[in-house]
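The following paragraphs walk through one protein chain, from single residues to the whole fold and back again. Keep the model open while reading.

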Amino acid sequence: MNLNSTSQLLVRNEEELVGKILFANPEDTYPLDLSRKADVYAWCQSKTFYDALFRVGFADEKLFLSEQWALENGNDFDHIVIYQPKAKELLDYLLASVLPLLKDGGQIWLVGDNKSGVKSSMKRLEAGLDEVGKRDGAKHCLLYTGYKRRPAKPFVFEDWIMTWKQEIAGQTLTLCSLPGVFGHGKLDKGTDILLNQLNQHRFMSDVASARILDFGCGDGIIALWLHNKTGARITALDDSVLALKATELTFAANQVSDAVTLIASNGLDEVKGRFNYVVTNPPFHSGVNTDYSIAESFFMTVKQHLTLNGELFVVANDFLRYPPILDAALGSHTRLYRDKGFAIYHGRQPKKK
C-alpha cells in the first residue's frame, strides 16, 4: 500500500517522532515504516487498514482492532498521531480516547487533507492541549500539533453512546450509535426508502429460516428491522468496528442480542457460505472522495455468496453508476424505485440452466 499524501507529510517531520508512538486510525502502512526507528503501536477501527498493516508484517502484539483502546497499561506515549476523520464527532471521540494515554508534555499530531476539514480542527485540539499550531503543510495537506500540559479527563466509553427511538416502515426501534458511524444519530434517507420498499416486498412474508446478510450495517437499523420483520437471524457486516459495536448495542437495547452475528470485514473477505438475501446501503466514499471500488468489489463478489435464486437489494444515490456494475456481476438487474435522489436496485442469482 503506497503512502498517501498525509503520511508523506508526516515523513517530512518524522525526525521529531521518537520514543513511544501511537497511531490512532492509520490510513496506510506508514506505522510499519516508522516502527523501524521508534516504538510504534497502531490502533485501528477499520478492518481494511488493520488487515493492510497485518499483511505487511506490523508487530501483532502492537496492532489492535477495537472500538476503544484495549491495552490497560498503554498510557505512556510520547506522541499520538491522528488522521483527520471525515466525521468531526469522531475526532472528538479519538481525542478523548487518547489524551489519557499521552505522557505529560507529550504531543498530539493531527494530519489531514485540506478537504477533510482539518483546518477547522484547531479549536478541538485546543480544548485539551496547549501550544496548538500548524507544524507543516504540503500536497494540499496540513499537520497540526499540540502539547499535553494539563491532566486529561478519564475516557468513559458509555458517554459516547447515542440512543434514540425511531419509527420506520411499521416498526418502532431503539437505535444506538457511536461517533463516526454512518447515519449517526439520525435516519438516513436512503435507509428510510429502502425499508419502506422492503416492507412491501413479497419475500418478507415468511422467511424465518432464511440466511440474510446486511452489508455495511452501520448502527444496525436495517439488520434489526429485518430480524423483527422476518424472525430470521441476521448476519451484520461492516468494515468499521465502531459500526459493529453500535449494531451490537442496538440489538441489545431491543432485547434480541442473540439474533445477530457480527463480522468485521473488508468487503466480503471474511464471509463464508451463501445467503438467501443480501440487503445493503453500501458506502461510496473513501474519506471525502467518491469511491466506486468498495461497491464494485462487493457487487462482483456477492454472486459467490448468494444461493441459487438468492436476491440482492441495494439502495444508493441515483447519480452513482451502479446499474452497469450490477449487470456485469449478476447478468441483469431491476430498478424497483426511484425518488428524491435515491434508487433501489434488485438483482438475483441466476438459476442454473
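A starting point is F298, which sits in helix α9, residues 293–302. The model is a predicted one. F298 has a relative accessible area of 1%, and because this lies under the 20% limit, F298 counts as buried. What surrounds F298, once neighbours within four places in sequence are left aside? Its contacts are F215, L268, V278, T280 and L312. To get a sense of distance across the chain, go from F298 to E126: their C-alpha atoms are separated by 41 Å, and the two residues are 172 apart along the chain.

F215 leads on to another residue, since N281 also has F215 in its list of contacts. N281 is placed in the loop between β13 (275–280) and β14 (285–286). Is this loop residue buried or exposed? N281 has a relative accessibility of 13% and therefore counts as buried, the limit being 20%. Its side chain makes polar contacts with two other side chains: that of D188, at 2.9 Å, and that of T191, at 3.1 Å. D188 and T191 are also among the residues in contact with N281 when neighbours within four places in sequence are set aside; the others are F182, G190, F215, G216, I222 and V315.

Helix α4 offers a view of burial along a whole element. In this helix, residues 88–98, the buried positions are L90, L91, Y93, L94, L95, S97 and V98. Against what do the buried residues of α4 pack? Their partners include four strands, β1 (20–24), β2 (39–44), β4 (77–83) and β5 (102–113). The helices α5 (122–126) and α8 are partners as well.

Helix α8, residues 241–253, also borders a loop that runs to β12 (260–264), and Q255 lies in that loop. Q255 has a phi near 55°, a positive value in a residue that is not glycine. Most residues other than glycine have a negative phi. Q255 has a relative accessible area of 67% and so is exposed, the cut-off being over 50%. K340 also has a phi near 55°, again positive and again in a residue other than glycine. This lysine is placed in the loop between β17 (334–339) and β18 (342–348). With a relative accessible area of 59%, K340 is exposed.

These elements belong to a chain with ten helices and 18 strands. How does the radius of gyration of the chain agree with that of a compact globule? For 353 residues, such a globule would have a radius near 20 Å; the chain has 21 Å, so the two agree. Along its principal axes, the C-alpha trace spans about 65 × 40 × 40 Å. Of the 353 residues, 54% are buried. Among contacts between residues at least 6 apart in sequence, 65% join residues at least 24 apart.

The outside of the chain can be described in the same way. Its accessible surface comes to about 15,600 Å², and carbon and sulfur atoms account for 48% of that area. As for charge, the chain has 40 positive and 42 negative charges, and the mean positions of the two sets are 6 Å apart.

How values were computed
Residues are numbered from 1 along each chain as its sequence is written. This is a predicted model: local features need pLDDT of at least 70, side-chain atom pairs count only at pLDDT 80 or more; totals for chains, interfaces and linings use all residues. Side-chain values use heavy atoms; hydrogens and water are left out. Helices (H or I, at least four residues) and strands (E, at least two) are DSSP runs, numbered from the N terminus. Buried means under 20% relative accessible area, exposed over 50%, partly exposed in between (1.4 Å probe, protein chains only). A polar contact is a pair of N or O atoms within 3.5 Å; within protein, one must be able to donate a hydrogen and the other to accept it, and residues adjacent in sequence count only if both atoms are side-chain atoms. Contact means heavy atoms within 4.5 Å. The radius of gyration is taken over C-alpha atoms; the globule rule is 2.2 Å times the number of residues to the power 0.38. Accessible areas come from the Shrake-Rupley method with a 1.4 Å probe; for residues, only the protein chains shown count as cover. Lys and Arg count as positive and Asp and Glu as negative; His and the chain ends are not counted. The place of a charge is taken as NZ of Lys, CZ of Arg, CG of Asp or CD of Glu.
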